[in-house]
Amino acid sequence: MTGKLYLIPTGLGDNAPLEVLPISIKKVIENIDTYIVENEKAARKFIKTVSSGKSQASLNLFSLNKFTDPLEIPSFLEECLAGNSIGLLSDAGCPGVADPGAEVVKIAHKQNIQVIPLVGPSSILLAMMSSGMNGQNFAFNGYLPIDKAERKSKIKQLERRSFEEQQSQLFIETPYRNNSILEDLSATLSPDTRICVACDLTLPSEYIKTQTAKEWKHSKIDFHKRPAIFIIQKD
């Protein structure tokens with residue numbers, strides 16, 4: 001029998017993991033020694049925090065990030081094919097969602113390895129839940145273009161799609177560009193188009209606010225280097 005691939009969510013910040021994660025994650029971690037991770041140091045810290053008694057020396061970690069050779073990824077699942085379960089860890093939130101782990105999951109399905117997603121925080125869903133926008137029809141668009149002209153064009157395109165399809169449009173930005181993206185949104189969108197900014201989700205500094213582009217122009221809130229999700233909707 002093959003082992004299983006467990007998709008193990010992590011927290012969205014430095015709060016205690018078991019404040020936002022179910023006890024089932026602790027139980028799984030205590031029984032798995034092989035993990036596919038984005039960052040080895042962060043993964044070891046997370047595992048130690050969740051299960052302090054687990055031997056760090058017993059851990060076998062494979063790194064999956066932008067430097068990973070795609071041809072290496074199938075070999076990460078050899079432990080599963082040998083009958084042992086492994087874990088897939090994201091740096092923050094849920095593996096496979098806005099996360100390179102999706103490639104591992106795709107290969108696991110091809111190899112008939114059972115994939116088991118565990119419950120944990122998703123910044124995308126938490127932001128959508130708390131935005132007051134259309135949760136029946138929404139799309140996550142990843143990052144917007146960096147080039148100013150291309151970004152403006154993309155923002156207008158997403159606004160049209162939101163209006164024509166009555167679809168909420170979600171995206172993220174590198175945290176040090178948060179303030180500039182909000183300025184671009186306020187300046188480019190129609191005055192009555194709603195914008196939600198949801199940052200530091202699940203943390204003590206959590207901030208979630210939905211108001212019109214016109215209203216955001218007069219807001220003086222600093223989102224610099226604070227992980228955030230942005231949502232727009234034109235009614």
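**Notebook: salt bridges and one nonpolar patch**

I started with arginine 44 and glutamate 40, whose side chains meet in a salt bridge at 3.2 Å, N to O. Note to self: this is a predicted model. I looked up where the two sit: both are in helix α3 (residues 40-50), four residues apart, about one turn of the helix. Then I checked exposure. Arginine 44 comes out at 24% relative accessibility, so I put it down as partly exposed. Glutamate 40 has 36%, and partly exposed is the label here too.

**How many in the whole structure?**

I ran the search over the whole structure and got twelve salt bridges. I followed up some of them below.

**Helix α5**

Which residue pairs with glutamate 103 in a salt bridge? I found lysine 106, with the closest N and O atoms 3.4 Å apart. The two are three residues apart in helix α5 (residues 102-110), which puts about one helical turn between them. On accessibility, I have glutamate 103 at 33% relative accessible area, partly exposed. Lysine 106 is partly exposed as well, at 41%.

**Between helices α7 and α8**

Next I looked at arginine 151 and aspartate 184, and their side chains form a salt bridge at 3.1 Å, N to O. Arginine 151 belongs to helix α7 (residues 148-165) and aspartate 184 to helix α8 (residues 178-188), so this pair ties together parts 33 residues apart in sequence.

Is arginine 151 buried or exposed? I get 4% relative accessibility; the cut-off for buried is under 20%, so arginine 151 counts as buried. Aspartate 184, at 10%, counts as buried too.

I then traced shared partners from this pair. Salt bridges link Lys148, Arg151, Glu173, Arg177 and Asp184 into one network.

**A nonpolar patch**

I left the charges and turned to the surface. Which residues make the nonpolar surface patch of about 320 Å²? I noted Leu125, Met129 and Phe138. I looked up the last of these: phenylalanine 138 lies in strand β6 (residues 138-143). Its relative accessible area is 33%, so phenylalanine 138 goes down as partly exposed. That fits with its place in the patch, because a patch residue needs over 30% relative accessible area.

**Recap for the page**

I have a pair inside helix α3, arginine 44 with glutamate 40, and a pair inside helix α5, glutamate 103 with lysine 106. I also have arginine 151 and aspartate 184, which join helix α7 to helix α8.

Key: Residues numbered from 1 in each chain as written. Predicted model: local features only at pLDDT ≥ 70, side-chain atom pairs only at ≥ 80, totals over all residues. Heavy atoms only, no water. Salt bridge = Lys/Arg side-chain N within 4 Å of Asp/Glu carboxyl O. Buried < 20%, exposed > 50% of the residue type's maximum accessible area, 1.4 Å probe, protein only. Patch = residues over 30% accessible without salt bridge, like charges linked within 9 Å, V, L, I, M, F, W, Y side chains within 5 Å. Areas by Shrake-Rupley, 256 points an atom, 1.4 Å probe, with all protein chains shown as cover.
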